[in-house]
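Hi everyone, thanks for making time this morning. Let me put the structure up on the screen, and then I'll walk you through a few places in it.

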Amino acid sequence: MQLTEITYEGQPPIDAYGPNFFRVMEQIQEGPLAILPKGIVQWTGFDDLNDLIAAASEYDVIFIGTGKDIAPLPAKAKAELEAVNVPFEVMGTPAACRTYNVLLSEGRRVAIAALPVSE
């Protein structure tokens, strides 16, 4: 069997996640996490969309993690993103992290904004 090492250029992958944290580049990030083409940004949740909207032209899709399980976006957040044509996919945080890492490893222009999983 031949193993191929995955390399990431530019943005960092998500190494791990758990109750109320993400590990990125061997550093623990507590609470919600957003990684955009410019790097990790402070994100407090669905009421904080300014950075996601401002960077929309820099990515093809943003994966929005809603926590342990998939849940609908709050109507206000969904309307704000759709009003400015931000391309997004909503999924549970575990699936959002995996999908982000896979597409990032393929060199795709992706971003993620995710709520942590709860215990």
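**A helix across two strands**

Let's start with helix H3, residues 93-105, which lies across E1 and E2 and runs at about 175° to E1. Please keep in mind that this is a predicted model.

Now to the strands under discussion. E1, E2 and E3 form an open sheet of three strands in that order, and the pairing is antiparallel. Which strands stand at the edges? Those are E1 and E3, the latter covering 27-30; each has a single partner strand, so one side of each has no neighbour in the sheet. On average, neighbouring strands here are turned by 25° against each other, direction ignored. Between E2, residues 21-24, and E3 there are four bridges, and the two run antiparallel. If you'd like one pair to click on, Phe22 has Gln29 in E3 as its bridge partner.

Next, a unit elsewhere in the chain. E6, H2 and E7 together make a β-α-β unit, and that unit is right-handed. E6 and E7, the latter being residues 88-91, run parallel and are joined by four bridges. Gly65, for example, is bridged to Met91 in E7.

What about the nonpolar cores? The largest has 19 residues, and Leu36, Trp43, Leu52, Tyr59, Ile62, Ile64 and Leu81 have the most contacts inside it. Strand E4 (33-36), strand E6 (61-65), helix H2 (75-83) and strand E8 (110-114) are the elements that give two or more residues to this core. Apart from it lies another core, of 16 residues, with Phe22, Val61, Leu103 and Ile112 among them. So we meet Phe22 again, the bridge partner of Gln29.

Trp43 is worth a look too. Leaving aside neighbours within four places in sequence, Trp43 is in contact with several residues, including Leu33, Leu52 and Ala113.

I'll finish with a polar residue, Gln11, in the segment before strand E1 (14-18). Is Gln11 buried or exposed? Gln11 has a relative accessible area of 9%, and the cut-off for buried is under 20%, so Gln11 counts as buried. And what does its side chain reach? One polar contact is with the side chain of Tyr100, at 3.2 Å. The Gln11 side chain also reaches the backbone oxygen of Val110, at 2.9 Å. Beyond four places in sequence, the contacts of Gln11 also include Ile35, Leu36 and Leu104. Happy to take questions!

How values were computed:
Residues are numbered from 1 along each chain as its sequence is written. This is a predicted model: local features need pLDDT of at least 70, side-chain atom pairs count only at pLDDT 80 or more; totals for chains, interfaces and linings use all residues. Side-chain values use heavy atoms; hydrogens and water are left out. Buried means under 20% relative accessible area, exposed over 50%, partly exposed in between (1.4 Å probe, protein chains only). A polar contact is a pair of N or O atoms within 3.5 Å; within protein, one must be able to donate a hydrogen and the other to accept it, and residues adjacent in sequence count only if both atoms are side-chain atoms. Contact means heavy atoms within 4.5 Å. A nonpolar core is a set of buried Ala, Val, Leu, Ile, Met, Phe, Trp, Tyr and Cys residues joined through side-chain atoms within 4.5 Å. Two strands pair if DSSP finds at least two bridges between them. A crossover is right-handed if, with the strands pointing away from the viewer, the path from the first strand over the helix to the second runs clockwise. Axes are lines fitted to C-alpha atoms, for helices over the stretch in contact, and angles run from 0 to 180 degrees between N-to-C directions.
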